[in-house]
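Here is a short tour of one protein chain, written to be read with the model open beside you. Take a moment to turn it around before reading on.

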Amino acid sequence: MNILIFGPNGSGKGTQGAILKEKYGMDHIESGAIFRSHIKGGTELGKKAKAYIDRGDLVPDDITIPMVLETLAKSKDKGWLLDGFPRSLAQAEALDKALESSGMRLDYVVEIVLERKIARDRIMGRRLCVNDNNHPNHIAIDAIRPAEKDGKLVCRVCGGELSTRADDQDEAAINKRHDIYYDDKTGTMAAVDYFKKKGNVKVISVDGSVPIQEVTGLILKQLA
Ligand SMILES: [Zn+2]
């Protein structure tokens, strides 16, 4: 089974991807890992891509698409779940065409739908327990809201101090990523629309605002 998964940063896309990988024994391929493996492996495409990255330029699609395709082809027996690509309408069209001519079949597109403001709050509301990374705390999610002690928020599990990840508080960086995702003219939303309109692949759109297990349930119910 071959799947494309879409969802904005903060939608829990990575978590759902990990669950699907586990359940179906497929390869979970993240777009960043494709670049890294080609560059590390010193492939022709990797060398070309590196030249762009070193200059701080975007790697053009005529290098990216063959890299993606090569990586997917390696997983054709186990099946793949591609995460983080395509990011634009142009990439969606190019990938679709390339898959068709390679004889690889795209079975499903999974879209986790989440309002932009909620996605941003999800990212910015994460709090880390200084005692244990596995003590989830979040100021915007009732089920795991931090406790309060002397007017200060503390870990709901152990009462420890809470901190934030610098990345999670970088609103400009979050906005930049979301600008690309939520662009329904040429960005990632337009890529999802492309598959919806094309109609030759089943697009599963699920509400990402419900708890993680419910999102998983909604996806699994339609994957069969
Ligand atoms: Zn704790």
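The report below goes from the whole chain to one small sheet.

Please keep in mind that this is a predicted model. The chain is built from nine helices and ten strands. Its radius of gyration is 19 Å, close to the 17 Å that the globule rule gives for 224 residues, so the chain is as compact as a globular protein of that length. If you line the C-alpha trace up with its principal axes, the spans come to about 65 × 45 × 35 Å.

How is the chain packed? Of the contacts with a separation of 6 or more, 67% join residues 24 or more positions apart. The table collects three percentages for the chain.

| Property of the chain | Value |
|---|---|
| Buried residues, out of 224 residues | 41% |
| Contacts between residues 24 or more positions apart, among those with a separation of 6 or more | 67% |
| Share of the exposed area supplied by carbon and sulfur atoms | 51% |

The exposed area itself is about 12,300 Å². As for charge, there are 34 positive and 33 negative side chains, and the centres of these two sets lie 2 Å apart.

Now for the sheet. Which order do its strands take? Three strands form an open, antiparallel sheet, and the order is 6-5-9. At the edges are strand 6 (137–138) and strand 9 (162–163), each pairing on one side only. Strand 5, residues 126–129, pairs with strand 6 in the antiparallel sense over two bridges. To find this pairing in your viewer, look for Arg 127, whose bridge partner in strand 6 is Asn 137.

Note on methods:
Residues numbered from 1 in each chain as written. Predicted model: local features only at pLDDT ≥ 70, side-chain atom pairs only at ≥ 80, totals over all residues. Heavy atoms only, no water. Helix = DSSP H or I, 4+ residues; strand = E, 2+ residues; numbered from the N terminus. Rg over C-alpha atoms; globule rule 2.2 N^0.38 Å. Buried < 20%, exposed > 50% of the residue type's maximum accessible area, 1.4 Å probe, protein only. Contact = heavy atoms within 4.5 Å. Areas by Shrake-Rupley, 256 points an atom, 1.4 Å probe, with all protein chains shown as cover. Lys, Arg positive; Asp, Glu negative; His and termini not counted. Charge placed at Lys NZ, Arg CZ, Asp CG, Glu CD. Pairing = 2+ DSSP bridges.
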